[in-house]
Every structure is written in structure tokens, then in C-alpha cells.
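Biologist: I am new to this protein. Please show me the model, and then I will ask about it.

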Amino acid sequence: MNILISSAGRRVKVVQYFKENLNEVNGKVIAVDCDIKAPALYFADEKDIIPRVDNEYYLEKLLNICKKYKVDAILSLIDPELEILAANKKVFDELNIKLILSSLEMLAIGYDKQATYEYLFEKGIPCVPTFNKVEIVERKIEQRLLEFPFIVKPQRGSASIGIEIANDLEELKKLFAKEDNLIIQPFYKDKEFGVDVYVDLIDGHLVDFFIKEKISMRSGETDKSIAIHNREISSLIRDFVVETNFRGQIDIDCFEYEGQYYISEINPRFGGGYPHAYEAGVNFMKYIIENLNDRVNKKYTSYNYEAGNIMMKYDNVKLI
């Protein structure tokens, strides 16, 4: 079995974890990126270069690479590419190449923070209130339903890019005057958690999840975290999987605010903090390989890791 990891970037550990698991079934990891200097390329069994996802030759080049390396499945690590892959699923189906991702509909919801809020709210799943108009927030402030500060960020995006904090109405209006397609969220953040979730690709049941309390962040990714067991978050994740139609690996951000727990964002891909889960024994690569072999994974029953272990990222060097 050969798995292609697209837009590999800096996700060296994801490449290494797949190599560890594929070695057991005589498989290979092919890493591709638009940047020859992407570190993860040099930890794969094979590497190649593709155009940026907005290039007109992107899909053609990707398909040629798939044929060259006899790829069985594709996994992407960036949000914009996920939607392109899902939109072209029929093309990959014709080549018997499986896509390790959610449906196009679910990917579009996950990438759009306003759509995420509206979708979860409709399903009755606790989520951070999200608004795309200053006037709505202004009315709720007057009604004493909301108060400053607010988080302002792009409606579509990831990696904490473009996040601002507005401490009064003047700041909020200035931010909206400078940029389009922004959303506003109240500062629901007494504590922040990341949850790595795996939903079976075949029948959509919950297979496993890992909860970490975030201690510090760097460039939008978890830099230090501690593994926890939490009954309320566990219940929230179970309800989320039952009520939604996401598949495969999902990175969910949760906040605790005044004793309640809320989903903040859904990233239907591997998150930057996933290495903590894997090192603690939560092996999504194994689940993916099972699904790619048309085998359904066992349903989730209980925590598969110990609470209390701490992850600390550090930088290493590789000369090529």
C-alpha cells in the first residue's frame, strides 16, 4: 500500500508515523509539496514536487505523480487542498485512489467558521457564538447578552492567521473597515483544549480520540500540552460524531468558559498537535490503514491513553 501525503510541509512526524505503520505492510510514503525545502519531504520513502493548489496544472501534476508511484490513497495536510481533492473525487475513484478525508460538504463547513457555528448550533452542539456583522454584535452588547473583548479573525482560514482582539466598539469597527470576510467571537477562553478525533471512514462511528489541554502555542500550533481525561469534553465529542457527518482524522478546538465547554473550530485533517496523541498510544495511522483495506475499525469504548503526560515540541536539524 502506497500513501501520498500532499502539502507535507513541516509535518515530519506525520510522515514518520505513516512510515512506521506502512513498513509493517510493505507500503511506502510518498511526500509531495510545492516547496523543495519542505522538511517533511526528506523523511518520506519517495518525494516529488507539485504546483501550488491554485495553479492550473496542480491536478494534472498530482495525478501524474499518483500514476508514477502507484499511489493507493491520498492524504492532505492543508485545508484549501482538501476541498479541491474532494471536488475531484470522481477522477480519483476512476484510478482506484482513495481519498482520506470528509465529504466536500463537510469540508466546506469546517473551513468556514460562520458555517461551522451555524451548522453546530442547528445540531444543538455547544459552540462559540460567531457573527459576521458588527451590527448584530452591537445589538447583543446593548441587550447585555455579550461583552468585550471579542476575537476577530478571517471567516475562512487556519493556523491562527489574521487573529485580532477588539476591546471596544471603535476597535471592532476599525477592523471590519480594513478587511472583508471577518467573523467575531466572544472571548470564551478560560482554558483551551485540542481534541484529536478519528471517525471511521467506512461507517462513520467514533473510533478514538485524545484530549490535550494546551499550555502554549507557536505559529498557531500547539507547542506544549498535557493529556487529560474529561467527562464533559468526552460527551461533547461523542455527541459531535453522532450528529455530524465528518470522517477520518479531525482536529477540534474546544474552550472552557465559566465551567461550560464549547467547540471553537473544526479542522478536518491532522492538527499540529497530533504527535502528542500518537506518542501517547493513539494511533490514527493504524485506523486509516484498516479502513483503506476495507476493514471497519472497532467502536470507541474508553480512553486509550493515560492522563498527565506532557508534550513539548523542539526543533531538530537535518542536512541534505
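Modeller: Here are some questions and answers on the overall fold and on one pair of helices.

Biologist: What is the radius of gyration of the protein, and what does the globule rule give for 320 residues?

Modeller: Bear in mind that this is a predicted model. Its secondary structure comes to 11 helices and 14 strands. The protein is as compact as a globular protein of its length, because its radius of gyration is close to what the globule rule gives for 320 residues: 20 Å in the protein, and 20 Å by the rule.

Biologist: What percentage of the residues count as buried?

Modeller: The C-alpha atoms fill a box of roughly 60 × 45 × 40 Å along the principal axes. Buried means under 20% relative accessible area. Of the 320 residues, the share that meets this is 51%.

Biologist: Are helices H3 and H5 roughly parallel or antiparallel to each other?

Modeller: H3 covers residues 79-87 and H5 covers residues 104-111. Their axes lie 9 Å apart, at an angle of about 160°. Angles over 145 degrees count as roughly antiparallel. H3 and H5 are therefore roughly antiparallel.

Biologist: Is the crossing of H3 and H5 left-handed or right-handed?

Modeller: Look at where the two helices pack. The crossing of H3 and H5 is left-handed.

Biologist: Which residues in H5 are met by H3?

Modeller: From H3 come Asp-79, Pro-80, Leu-82, Glu-83, Ala-86 and Ala-87. The residues of this contact divide into 8 nonpolar, no polar and 2 charged. On the H5 side, the residues are Leu-104, Leu-107, Ala-108 and Tyr-111.

Definitions and conventions. Residues are numbered from 1 along each chain as its sequence is written. This is a predicted model: local features need pLDDT of at least 70, side-chain atom pairs count only at pLDDT 80 or more; totals for chains, interfaces and linings use all residues. Side-chain values use heavy atoms; hydrogens and water are left out. Axes are lines fitted to C-alpha atoms, for helices over the stretch in contact, and angles run from 0 to 180 degrees between N-to-C directions. Helices (H or I, at least four residues) and strands (E, at least two) are DSSP runs, numbered from the N terminus. Angles under 35 degrees count as roughly parallel, over 145 as roughly antiparallel, 65 to 115 as roughly perpendicular and the rest as oblique. A crossing is left-handed if the near helix is turned anticlockwise from the far one by less than a right angle, and right-handed if clockwise. Contact means heavy atoms within 4.5 Å. Ala, Val, Leu, Ile, Met, Phe, Trp, Tyr, Cys and Pro count as nonpolar, Asp, Glu, Lys and Arg as charged, and the others, Gly among them, as polar. The radius of gyration is taken over C-alpha atoms; the globule rule is 2.2 Å times the number of residues to the power 0.38. Buried means under 20% relative accessible area, exposed over 50%, partly exposed in between (1.4 Å probe, protein chains only).
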